[in-house]
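Thanks for making the time this morning. I would like to walk you through one strand and one helix, so please keep the structure open while I talk.

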Amino acid sequence: MNNNIHILKISNTSQLIVAFVGAMFAEKTSVLFGFLNRHARAGQKVILFRPKRDTRGKIPQTHDGGGLIIEKFGGEIIRVSTCKEVLSLALNKKAQVVGIDESQFLPSNLIKILVRLYEHSITVYLSALDTDYRARNFKTISEITKHPLVYTTKLTAICNFCHSHDGVYSLRFDEKGNVIKKDIKRIIIGDKIYQPACHKCRRRILKRKKKK
Ligand SMILES: [Zn+2]
């Protein structure tokens, strides 16, 4: 992973592509919203794009249920299903700052679009899960984080089992509380079926006997 910048070094005069990545419950969306709000308050045109595959409610919700104020300052929230839509809408609407939430839901040509936005002097912030519930990388996101133009900040949750180590994995459970090890329909966003886990707890949980 490209870790060549720390979040505190991000300046409002630099033009940037910034990626906030990590497990579920790492507050990626909250951090993304904070940065978008910061630009909106400064009078810049901010657009947040949300992939249509993100199945959560109409208004983007952080886990505490709020946070985004860009619409109060003339910003917009737009749902998209392709990367091309991100580019054409950002250019047509003369965005100065673009946010993309849950970026892992967009196709892997997203990095090309981010570079095009950069070439049009548009600052980009995005949030994304870096791995799925089986700890496999999302291609869209690995393409982004290894690109030299992108400044990546890794965020972590706190392990929901030992409550002392960083939760870097997003484990998925079924209704009986069994961890899901097999490949099933890829991801649904839902607070109830996922739990963040550290490496040690994940290993222990994967070895548990299945409840019937
Ligand atoms: Zn743990």
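**Strand 1 and helix 1**

Let me start with the pairing, keeping in mind that this is a predicted model: strand 1 runs parallel to strand 5, and 6 bridges connect the two. Within that pairing, the residue of strand 5 that stands opposite Val 18 is Tyr 125. Strand 1 also pairs in the parallel sense with strand 6, again through 6 bridges, and there Val 21 has Lys 154 as its bridge partner.

How many of the residues of strand 1 are buried? The count is 6 of the 6, so strand 1 is largely enclosed by the rest of the structure. In a regular strand, side chains alternate between the two faces of the sheet. Here Ile 17, Ala 19 and Val 21 point one way, while Val 18, Phe 20 and Gly 22 point the other way, and every one of these is buried.

Turning to helix 1, which covers residues 28-41, its 14 residues should span 20 Å at 1.5 Å a residue, and the end C-alpha atoms are indeed 20 Å apart, so the two values agree. Its buried residues are Lys 28, Thr 29, Val 31, Leu 32, Phe 33, Phe 35, Leu 36, His 39 and Ala 40. What covers them? The cover includes strand 1, where we began, together with strand 2 (46-51), strand 4 (97-100), strand 5 (123-129) and strand 6 (150-155).

Finally, after helix 1 comes Gly 43, which has a positive phi, near 85 degrees.

Notes
Residues are numbered from 1 along each chain as its sequence is written. This is a predicted model: local features need pLDDT of at least 70, side-chain atom pairs count only at pLDDT 80 or more; totals for chains, interfaces and linings use all residues. Helices (H or I, at least four residues) and strands (E, at least two) are DSSP runs, numbered from the N terminus. The expected span of a helix is 1.5 Å times one less than its number of residues. A residue is buried if 20 or more other C-beta atoms lie within 10 Å of its own, exposed if 12 or fewer, and partly exposed in between; C-beta atoms are placed from the backbone. Two residues are in contact if their C-beta atoms, placed from the backbone, lie within 7 Å. Two strands pair if DSSP finds at least two bridges between them.
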